[in-house]
2 protein chains.
Amino acid sequence: MRGEISLENYKENRNVSNEYVPNHGNEYACWLQYNKIKESAWMEEYKTWCSNLVVVENSEVINSAKAELLRGISSMLGFNPSVLMEPQQKTLIMLGTIGKTDLLDNRINKQEFEHLNPDGYVIKTVTVGEHNRLLLIGKTEKGALYAAFHLLRLMQTRKHLHNLDIIQNPKNPLRMINQWDNMDGSIERGYAGKSIFYENNKITTRLDRIKDYARLLSSVGINAIAINNVNVHQVETKLTTSEFLPDVAKIADIFRAYGIRTFLSINYASPIQIGNLPTADPLEPKVREWWRERVEEIYRYIPDFGGFLVKADSEHRPGPFTYNRNHADGANVIAEALNPFGGLVIWRCFVYNCLQDWRDRSTDRAKAAYDHFKPLDGKFLDNVILQIKNGPMDFQVREPVSPLFGAMENTNQMLEFQITQEYTGQQRHLCYLVPQWKEVLDFDTFAKGEESTVKRIVDGSLFQYSNCGITAVSNIGNDTNWTGHTLAQANLYGYGRLTWDPDLSSEEITDEWVRQTFGHDPLVVEQIGKMLMDSWRIYENYTSPLGIGWMVNPGHHYGPNVDGYEYSVWGTYHYADCHGIGVNRTVKDGTGYTGQYFPPNAQIYESLESCPDELLLFFHHVPYTHRLKSGKTVIQHIYDTHFDGVEQAEGLKQRWTSLKGKIDDARYDSVLKRLNEQIEHAREWRDVINTYFYRKSGIPDEQNRTIY
Amino acid sequence: MRGEISLENYKENRNVSNEYVPNHGNEYACWLQYNKIKESAWMEEYKTWCSNLVVVENSEVINSAKAELLRGISSMLGFNPSVLMEPQQKTLIMLGTIGKTDLLDNRINKQEFEHLNPDGYVIKTVTVGEHNRLLLIGKTEKGALYAAFHLLRLMQTRKHLHNLDIIQNPKNPLRMINQWDNMDGSIERGYAGKSIFYENNKITTRLDRIKDYARLLSSVGINAIAINNVNVHQVETKLTTSEFLPDVAKIADIFRAYGIRTFLSINYASPIQIGNLPTADPLEPKVREWWRERVEEIYRYIPDFGGFLVKADSEHRPGPFTYNRNHADGANVIAEALNPFGGLVIWRCFVYNCLQDWRDRSTDRAKAAYDHFKPLDGKFLDNVILQIKNGPMDFQVREPVSPLFGAMENTNQMLEFQITQEYTGQQRHLCYLVPQWKEVLDFDTFAKGEESTVKRIVDGSLFQYSNCGITAVSNIGNDTNWTGHTLAQANLYGYGRLTWDPDLSSEEITDEWVRQTFGHDPLVVEQIGKMLMDSWRIYENYTSPLGIGWMVNPGHHYGPNVDGYEYSVWGTYHYADCHGIGVNRTVKDGTGYTGQYFPPNAQIYESLESCPDELLLFFHHVPYTHRLKSGKTVIQHIYDTHFDGVEQAEGLKQRWTSLKGKIDDARYDSVLKRLNEQIEHAREWRDVINTYFYRKSGIPDEQNRTIY
């Protein structure tokens, strides 16, 4: 008998590749469609403003902004604006930065910029006499670039331009993307083709695609990117050496023109592997010296290099534990080397025992990050940031927020999301994650009393962090549509917008994205909006219930497998038996995990009465007959949500097919294909999960639906 | 989170490679140790006989026999015998074939050879006057070669030579080995390193190792080998073309000198893939012509080419079903092409729906081979043989015998075993399979009344098959000791011996093997013998219970995973719920599988009362509280066997360590290492299986042992 079914099928299905063909149109353009405007009123209004563009400054980033404006305007309006050095025309757009020329400074109150971060900007329409000026003024040139993208967004979403008075200031200093790309061209947890950065262990020469990626990222405010997988293998270790730095510099050049700093993920054992030292002990002077030299060389190639992203002592990656050093020792030696250049060390907190004995119920993986890092609060240098996954486990469809947020007042923290849908349908299922991320960002840790939300921690305002922000694992590859599932483009878009402003509502973001991506037909806007907004809950419904997570096939993590990780070393268990299910993480008689939260969260989770239904099994082991707040028993909730989830998945398809004719065929068909697959696989989830729990509990469905 | 634990650990452990270093000594020599004889009495006796060797004939195979005798004798006795053309000395060995020269013919009654198969032989000590002759006379030169190996076995097992009167006749015409080697050097289901036949998509140039393999095989009577995997991938498809045939011919040359015919596994779609035909439809004249031409070319390179082994319409391999033809159509077109040259088509019956819906309880994979092939009885050409796995599923630790044996009176059948331990511990666990194979061979099908045993079916005696025999998947690779686990050499040895004579007892075979491999210390012979003889039952005890099978990790099939295949497409389910477990395969209210057996087997399996305990769950779904014939409940049996199994595995180690000092360090240490691993993994099996069923049934262990 050959292979493993689920994996084999899985790979087979993945073979349906979709690789990039340049200028492939709508799929490729994502939300930067810039489609010709057909409504004459809008056309007239925009034409008035956009016929003339004044740009006095000349810099890489300003040029990117100018180019994007020209591209967008000419595409939407059908003519090329005149680019002028002086504002002679009656109505025109002026692009630039504050404090550079009187031309702009004279037209605006400079005080408006005082409280802006470097990336902030002002968009304003001012009328002086007969002259109408639409000002796009950045605090720096990056701000000007963001302002240009903002204007194009306004036009794509059909907003009036005559009375604009916008001040925008990004909430988060770092708005980052992590590529989990390997140099062999594969992408760890990538579901949209191969890497756009690498092939055959070399850096790609197809830089046009990287430039388009930079445009997409910059358009939503991303300002940093780590361009290789956090699991740094042998070849990738050499990205920090002169063998690859000239090519890394080419990539950094592209991103720099779009206001994005380039980072590299590094191998903690680099001093051994490429430095030929006998050790990577961070307290060893030769190791310190080695890092210093390495960093110096990198900055010779890339003067604004961002720094390093480090996965150390995690899932068999090397780290300071090997030398009996802690993570502060480990991070600081590298931070010291980077400090003179303004570089950062972004140090991941995803550290846990991945060789756990499933028999051992006292060890709790959920506790690991807090246990490892909390005692080190204040020990890290200022240019170190701890990167913390949103939940304590690993990007499940539902997890509580990591208790490490807010627990380290004196240590820079940033939040890590996963845009790529590793556990949320792998871009074969629609699962719009913005609502999930909003919940995380809005979660109140009570670290400093009320309003100690996660977003205020990671934007630095709660504890005045010097470096902080949000990062996420990218969901793009070289598929024509970047993200495999065309609707998964919304996750990349929404992520970027949230890093800029976590207070944006899911609905606002969704509406923006749909209009830019699919246009303004009311039915399209309504139906796709509903599809997106409902999709996370739908996916949750037919997959693992009540916050317990996992229940996926090991390795590739696609498809249902209730016991997939139950007898494994990974610390991810559900403890289902014929009586009940769940992990007792209480202080009273469980693993004590709830004690890692600040009150009142600690009490809310500790108590079976107050623990929210959707996280019940994460915190408590209960009988199948336990009544939820909804009034249903746990077992009936499992049955109901799984039957509902499939019907809802079928509903997604109905909504989509109602749009036939209103969406170009290529995108219509490709999304329809994925929705059909989603329905089929949702049924598999439903039947496996329901059958598993029916067989285990012996409790029949109250509605007598088919369970096997 | 990265990868899959079980698979990753699995691979890691496999990395402990052991690759072949020429002349590496005892591990490499297997049962052809030919160690120096230290007992002076034996030395004297053997010296008398072995000082002179008369060989008149001169042929490849006779030369192999002569060379082996010289090698064995010189190694065991410390001198090189004189090789003579005439029997002048008083006492000597004479080697040759009957009917070739008066020299031998005059010394023996030729009638003794009349009833011998071509591979038979006579070994006889005759005394005429002062002259003592030890005659090794084959019916053909192959017989002479087997006689030579027999003599060496007698000496290695310390048998007297002065009164020999042995007539040996192999029971099975075909005594075959299947290599599941791929040309990239990997071996499907190989657990002893890489292929000795291929590397980097080429045929190896290290032919010395292949010659040693031929010696090992020939020494136990193997006379046929298919040298590539039944799953024939792209490169391997070209083995039948002039690109590779010169190199295939070199391998065939080596095997020919040891009486072994070479076969190739073929891709049924070859006419398309290498013939550039639009179809592989067996009834298409161009396809027929293509096969004819292909076969002709092969025979130009290899005049005694054995034929083709075919896996068609099985697990996604191409076959006649594509063209709405049946398997007789499919096989016959190739058989026709081979017929003029005496070539065979060996056609595997491992055909089943491998995209089954787990929800569907009416389809039964166990029924598939019978359902597919039984209706075709008599439709196959005479040079086609159906190759049937011993059980209806796939080489599980315990299965019933396939009901196809005996069900096709007019169709040649042969039996397929699996020496490589895919489901029986992968040569990391000790699992001596000879007792299992004996059970299969001795199984009475009642196809033609009593004594219609499997062995009499496949040896051709029951239905006078024209071509038939036994084959098995090899367990060797390029590890120094060939088989990974040194004690797994016994499986290869025992397999060969059983193909020659299925009536040999497990005890005889075991004793032979231990003495030849480890010498004659009584403790060594006793303890290793017991280890081997107990090991199958021990492995069964701590793995899947009562004939249900599977419960392994999907894909690589190592380690426990009760639900591993439960919700898969492979048709391998246990249907455990909180009340009971097992597959109802009765005619009365199950899948009807029991009806495929002849009476009384059909009735025995049909009835819960008469069904043997060890196959109970294969045939019946019963509550955990069902009482076995042993008096235990099913659940208590599961607990007890699993606790026992681990203790017994620990007992294997105790036996082995009692032999320290009596076995060379290299073999002692390597076996000890594996026994330690076996214990560790047996505990994992015990705890996972017991925990699974305890959690599912809620029934505690009567003895209150630890279950998690």
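Trainee: How much of the chain is helix, and how much is strand, over residues 483–705 of chain A?

Mentor: Helices (DSSP runs of H or I, at least four residues) and strands (DSSP runs of E, at least two) are numbered from the N terminus. Over residues 483–705, chain A is 51% helix and 2% strand, and the C-alpha atoms at the two ends are 36 Å apart. An unreviewed UniProt entry lists these residues as "domain: Glycosyl hydrolase family 67 C-terminal"; UniProt positions follow the numbering used here, feature names are shortened, and annotations may be inferred rather than shown by experiment. This is a predicted model, in which local features need pLDDT of at least 70 and side-chain atom pairs count only at pLDDT 80 or more, while totals for chains, interfaces and linings use all residues. Residues are numbered from 1 along each chain as its sequence is written, chains are lettered from A and ligands numbered from 1 in the order in which they are written, and side-chain values use heavy atoms, with hydrogens and water left out.

Trainee: In what order do the six strands of the open sheet in chain A lie?

Mentor: Strands of a sheet pair through backbone hydrogen bonds, either parallel or antiparallel. Two strands count as paired if DSSP finds at least two bridges between them. In chain A the order is β2-β1-β3-β5-β4-β6, with mixed pairing. At the edges stand β2 (82–84) and β6 (165–168) of chain A, each with a single partner strand, so one side of each has no neighbour in the sheet. Neighbouring strands are turned by 20° against each other on average, direction ignored. Strands β1 (residues 52–55) and β3 (residues 91–97) of chain A pair in the parallel sense over three bridges, and A:V55 has A:L95 of β3(A) as its bridge partner.

Trainee: Which strands does helix α4 of chain A touch?

Mentor: Contact means heavy atoms within 4.5 Å, and angles run from 0 to 180 degrees between N-to-C directions, the axes being lines fitted to C-alpha atoms, for helices over the stretch in contact. Helix α4 (residues 60–77) of chain A packs on the sheet and touches β1, β2, β3 and β5 (131–138) of chain A, its direction making about 150° with that of β3(A). Helix α6 (residues 141–156) of chain A lies across β3, β4 (121–128), β5 and β6 of chain A, at about 70° to β4(A).

Trainee: How many salt bridges does a search of the whole structure find?

Mentor: A salt bridge is a side-chain nitrogen of Lys or Arg within 4 Å of a carboxyl oxygen of Asp or Glu. The search finds 86 over all chains. In one of them, the closest N and O atoms of B:D212 and B:R215 are 2.9 Å apart. These two residues are separated by about one helical turn, because they stand three residues apart in helix α7 (residues 207–219) of chain B.

Trainee: Is B:D212 buried or exposed?

Mentor: Buried means under 20% relative accessible area, exposed over 50%, and partly exposed in between (1.4 Å probe, protein chains only). At 13% relative accessibility B:D212 counts as buried, and B:R215 is buried as well, with 6%.

Trainee: By what turn can chain A be laid on chain B?

Mentor: Two copies of a chain are related by a rotation about an axis and a shift along it. Copies are superposed by least squares on the C-alpha atoms of residues with pLDDT of at least 70 in both. Here the turn is 180° and the shift along the axis 0.0 Å, with an RMSD of 0.0 Å, which is the relation of a two-fold axis.
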